[in-house]
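User: I would like to go through this model by question and answer. Please keep the replies short and end each on the value or name asked for.

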Amino acid sequence: MRSIATLVLVALTVYGVDQLTKFLIVANLREGEQVPVLGPVLQFHFVKNSGAAFSLASGSTWIFSIVAAGVTVFIVWYARRIRSVSWAILFGMLLGGTTGNLTDRLFREPSFGLGHVVDFVQVWGFPAIFNIADSFIVASMGLFIILSLRGTRLDGRRAVREPQV
């Protein structure tokens, strides 16, 4: 139960922070407006993205909506198998980020399932503008790599490696 509670708490926190920041950006900036946060190193730059990362596949928003819905259903279905707090954090980050962007795709303009995702974080030298949900999705993949390399299983134990002969 601790793992599921952790997953739900992380997912709700990520989702809430993502939606709150998007609300504040839409309420306070015009589309295309840039606001320096740390000079040119970090800026808020409000854009609407109809595609995937780096605005790839613009016009295929409905495909991303279906994939995000599938990821969400898979995580909810798979959650009962997780016994590790580390894996619960990973799946919570992924679930919160995925549902944050899915909410945009479902409920923002121009229409249901074709909505554009609100992006606003621009980092100097990085070729894309992104949002909080994107950050947590990427961070969850980083945690996935770490847990996999360490051999941490879903139950929290480390996989035992067979000695090579």
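**Sheet, hairpin and a helix residue**

Analyst: In this predicted model, strand β2 and strand β3 (residues 117–123) run antiparallel and are joined by 6 bridges.

User: Which residues in β3 stand opposite V47 and L42?

Analyst: Two positions show how β2 is set against β3. L42 stands opposite V123 in β3. For V47, the residue opposite in β3 is D119.

User: How many bridges join β1 to β2?

Analyst: Strand β1 covers residues 34–36 and strand β2 covers residues 42–49. The two run antiparallel, and Q34 stands opposite H45 in β2. The number of bridges joining them is 3.

User: Which strands stand at the edges of the sheet?

Analyst: The sheet is open and has 4 strands, paired antiparallel in the order β1-β2-β3-β4. Each edge strand has a single partner strand, so one side of each is left without a neighbour in the sheet. The edge strands are β1 and β4 (129–130).

User: Which residue takes a positive phi in the hairpin of β1 and β2?

Analyst: This hairpin has 5 residues between the strands. V41 lies in the loop between β1 and β2. The positive phi, near 60°, belongs to G39.

User: How much accessible area does the nonpolar patch of V37, L38, V41 and W124 have together?

Analyst: These residues form a nonpolar patch on the surface. One of them, V41, is in the loop between β1 and β2. Together the patch residues have an accessible area of about 460 Å².

User: Is T103 buried or exposed?

Analyst: T103 is placed in helix α3, which spans residues 85–107. Its relative accessibility is 16%, and the cut-off for burial is under 20%. T103 therefore counts as buried.

User: Which side chain does T103 join in a polar contact of 3.0 Å?

Analyst: Leaving out residues up to four places away in sequence, T103 touches Y15, Q19 and R108. The polar contact of 3.0 Å runs between side chains, and the partner of T103 is Y15.

User: In what order do the elements of the protein chain run from the N terminus?

Analyst: The protein chain has 4 helices and 4 strands. Among its contacts between residues at least 6 apart in sequence, 64% join residues at least 24 apart. From the N terminus on, the order of elements is α-β-β-α-α-β-β-α.

User: What share of the exposed area of the protein chain do carbon and sulfur atoms supply?

Analyst: Of the 165 residues, 36% count as buried. The chain exposes about 9,800 Å², and the share from carbon and sulfur atoms is 69%.

Methods. Residues are numbered from 1 along each chain as its sequence is written. This is a predicted model: local features need pLDDT of at least 70, side-chain atom pairs count only at pLDDT 80 or more; totals for chains, interfaces and linings use all residues. Side-chain values use heavy atoms; hydrogens and water are left out. Buried means under 20% relative accessible area, exposed over 50%, partly exposed in between (1.4 Å probe, protein chains only). A polar contact is a pair of N or O atoms within 3.5 Å; within protein, one must be able to donate a hydrogen and the other to accept it, and residues adjacent in sequence count only if both atoms are side-chain atoms. Contact means heavy atoms within 4.5 Å. Two strands pair if DSSP finds at least two bridges between them. Patches are made of residues with over 30% relative accessible area and no salt bridge: like charges are joined within 9 Å, nonpolar side chains (Val, Leu, Ile, Met, Phe, Trp, Tyr) within 5 Å. Accessible areas come from the Shrake-Rupley method with a 1.4 Å probe; for residues, only the protein chains shown count as cover. A salt bridge is a side-chain nitrogen of Lys or Arg within 4 Å of a carboxyl oxygen of Asp or Glu.
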